[in-house]
Amino acid sequence: MFVLGTCAAWALITAAAHGGRPEGLLLAVLAVAAGYASGRICGALLPVAAPGVGAVAGLGLALAAPHATMGPQLLSPLGHTGATAALLTLSTGAACCAAWAARPSGLRLALWLLAVGTTVVAAVLGSTTGLLSCAGVLLCSLAAGRMRRRALGLAGLALTAALLTGATWAIAEDVLPDGLTVSLEGQLTEHRILLWRDALGMVRQDPALGAGPGRFGELSRTAAMSLPSDDKPHSAAFQQAAEQGVAGVALLAAAFCWILYALWRTPRPASVALTAGAALTALAAIASVGNALSFTTVTAGAGLLAGVATARPLLHINHEVTTDEALRGQS
């Protein structure tokens, strides 16, 4: 809560310094906090049903979205297609978490089939990013069942997120080899890379405070020449850097690292913690090349999954209380 509160406070500070509209970020922070609190409560009461229902809800939202039409989409999604990929990824992660928490073999099989079905839906919708991220989460979840030391797995996820963010920065700065740069530009599109470079220009002008929340569209030449334009650089890290300076990026990274730390400390099994971590890392990858975090359903879903995976089930608490009482009786 301290990290989220600091993110909200910094948005207000940068808005007061340069003007801007902090409402979008404040709404995102509120959605994450509400989702996390709901996940902690529901995960404690219903450790299997809560993520299972969340998986079905996320899948339904992705299918009901008006932009979720069948057909090929970009590898690195712009706008609504990125939100669809993010929702499908979170749904797959929630279904896998529910499957690991379920005890009856029939229920566990049904939940695994739900996770596989969500991956198939991503393929049917033509979302290449959604297919890759859902398949990656599913494979990571299966591997998590054999991993006992969650710290090593979570460290690997943190390193993956850092490498992906660094790769986008290297592409925007044009420091990669020419052949690799051309190949990536073909997937990411020249328009997106120009948006990223505009964001870097804003960081250089004011690295401490940035240009102000919501002001990227006003100051970006590429966004001004684009019709239509959603006034976003299509990268969570670049948007934070351009609008809230280096401190904004640091706070975004701190929120992600805190989630991984909470998953390391959670009493839930390592398979559940690592599955949730894989889904949230995949979401971070999608957000590094798109504006998925601009959608309230995505940010709330991320908070919900993190809350469910870090909740302490009441059965676990009751077992601890019973054990303590037995020890007292013996003494």
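Which residues do ring pairs link into a cluster? In this predicted model, the cluster is made up of Trp169, Trp196 and Phe238. A search over the whole structure turns up 5 aromatic pairs. One of them joins tryptophan 169 to phenylalanine 238, and it is stacked, with 4.8 Å from centre to centre and 20° between the planes. In sequence, the partners of this pair sit 69 residues apart, tryptophan 169 in helix α7 and phenylalanine 238 in helix α12, so to speak a link between distant parts of the chain. Tryptophan 196 also pairs with phenylalanine 238, again in a stacked arrangement, at 5.2 Å centre to centre and with 20° between the planes. Here the partners come from helix α9 (residues 190-205) and helix α12, so this pair ties together parts that are 42 residues apart in sequence.

How do the members of the cluster fare for solvent cover, buried or exposed? Tryptophan 196 and phenylalanine 238 are both buried, and for phenylalanine 238 the relative accessibility is 0%. Tryptophan 169 counts as partly exposed, because its relative accessibility is 28% and the partly exposed class starts where the buried one, under 20%, ends.

Threonine 168 belongs to the same story. This residue is found in helix α7, and with a relative accessible area of 5% it falls under the 20% limit, so threonine 168 is buried. Leaving aside residues up to four places away in sequence, threonine 168 touches Trp196, Phe238, Ser288 and Val289. Two of these contacts, Trp196 and Phe238, are also members of the ring cluster.

Backbone angles come next. Most residues other than glycine have a negative phi. Aspartate 174 goes the other way, with a positive phi of about 60° although it is not a glycine. Its place is in the loop between α7 (150-173) and α8 (178-188). Histidine 234 is another such case, with a positive phi near 60° in a residue other than glycine. Histidine 234 lies in the loop between α11 (221-224) and α12 (236-265).

Which of the two loop residues is buried, and which is partly exposed? Histidine 234 is the buried one, because its relative accessible area is 5%. Aspartate 174, at 45%, is partly exposed, since that value lies between the 20% and 50% limits.

On the outside, a nonpolar patch is formed by Ile41, Leu45, Leu46 and Leu314, which together offer about 380 Å² of accessible area. Isoleucine 41 sits in helix α2 (residues 23-45). With a relative accessible area of 53%, isoleucine 41 clears the 50% limit, so this residue counts as exposed.

Finally, a word on confidence. The protein chain has a mean pLDDT of 87, and 89% of its residues reach 70 or more. Over residues 68-78, though, the pLDDT is below 50, and this stretch has 35 contacts in the model beyond near neighbours in sequence. Residues 317-328 also stay under 50 in pLDDT. How many contacts beyond four places in sequence does the model have for residues 317-328? The count is 2.

Definitions and conventions: Residues numbered from 1 in each chain as written. Predicted model: local features only at pLDDT ≥ 70, side-chain atom pairs only at ≥ 80, totals over all residues. Heavy atoms only, no water. Patch = residues over 30% accessible without salt bridge, like charges linked within 9 Å, V, L, I, M, F, W, Y side chains within 5 Å. Areas by Shrake-Rupley, 256 points an atom, 1.4 Å probe, with all protein chains shown as cover. Salt bridge = Lys/Arg side-chain N within 4 Å of Asp/Glu carboxyl O. Helix = DSSP H or I, 4+ residues; strand = E, 2+ residues; numbered from the N terminus. Buried < 20%, exposed > 50% of the residue type's maximum accessible area, 1.4 Å probe, protein only. Phe/Tyr/Trp six-rings, centres within 6.5 Å; stacked < 30°, edge-to-face > 60°. pLDDT = per-residue confidence, 0-100. Contact = heavy atoms within 4.5 Å.
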